Amino acid sequence: MVNDPGRRSGSEPVTARSDLKLRLLLAAVFTPLFAAATIAFAFWAARADDGDTPGPGVLAILAVVCGLLTVTAAIDLVVVARRRRSKT
């Protein structure tokens, strides 16, 4: 039997969509949380000495990771808001 890409193979609904309310809530909560963590880790990294544990390099990496998560959450916030606006 050859797999037909247009044929459904599971029990998923035909009109399945993501829960926009939940995505909006999560993005609205985590965008400022990750932004605050980015600022905190960057400040901590700037004030850390080489003998400290964790070191300034690790703290800078954590600041960059939190910054990327902030950008991702903010983009998702914009996407969800646009989808909700166009839906109504």
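How far apart should the end C-alpha atoms of H1 be, if its 28 residues span 1.5 Å each? Let's start there. The expected span is 40 Å, and the end C-alpha atoms of H1 are indeed 40 Å apart, so the two figures agree. Keep in mind that this is a predicted model.

Okay, the overall picture. The protein chain has two helices and zero strands. H1 covers residues 20-47, and H2 covers residues 56-87. We can repeat the check on H2: with 32 residues at 1.5 Å a residue, this helix should span 46 Å, and its end C-alpha atoms are 46 Å apart, so that agrees as well.

Now, what sits between H1 and H2? There's a loop, and Pro 54 is found in it. Have a look at the bond joining Thr 53 and Pro 54, because that one is a cis peptide bond, with omega at about -5 degrees.Next, how do the helices meet? H1 has five names to remember on its buried list: Leu 20, Ala 27, Thr 31, Thr 38 and Ala 45. These buried residues of H1 pack against H2. On the other side, the buried residues of H2 are Leu 59, Ala 63, Cys 66, Gly 67, Thr 70, Ala 73 and Val 80, and what covers them includes H1. Across the whole protein chain, buried residues make up 16% of the 88 residues.

What about contacts along the sequence? Take those between residues at least 6 apart: 68% of them join residues at least 24 apart.

Let's go to the outside. The accessible surface of the protein chain comes to about 6900 Å², and 65% of that belongs to carbon and sulfur atoms. There's a nonpolar surface patch of about 520 Å², made by Leu 22, Leu 25, Leu 26, Val 29, Phe 30 and Leu 33. Pick out Val 29, which lies in helix H1. Is Val 29 buried or partly exposed? Its relative accessibility is 44%, so Val 29 counts as partly exposed.

Last stop, the aromatic rings. A search of the whole structure finds two aromatic pairs. One of them is Phe 41 with Trp 44, and this pair is stacked, at 6.3 Å centre to centre with 15 degrees between the planes. Where are these two along the helix? Phe 41 and Trp 44 are three residues apart in helix H1, so about one helical turn separates them. Trp 44 has 43% relative accessibility, and therefore counts as partly exposed.

How values were computed:
Residues numbered from 1 in each chain as written. Predicted model: local features only at pLDDT ≥ 70, side-chain atom pairs only at ≥ 80, totals over all residues. Heavy atoms only, no water. Helix = DSSP H or I, 4+ residues; strand = E, 2+ residues; numbered from the N terminus. Buried < 20%, exposed > 50% of the residue type's maximum accessible area, 1.4 Å probe, protein only. Contact = heavy atoms within 4.5 Å. Areas by Shrake-Rupley, 256 points an atom, 1.4 Å probe, with all protein chains shown as cover. Expected span 1.5 Å × (residues − 1). Patch = residues over 30% accessible without salt bridge, like charges linked within 9 Å, V, L, I, M, F, W, Y side chains within 5 Å. Salt bridge = Lys/Arg side-chain N within 4 Å of Asp/Glu carboxyl O. Phe/Tyr/Trp six-rings, centres within 6.5 Å; stacked < 30°, edge-to-face > 60°.
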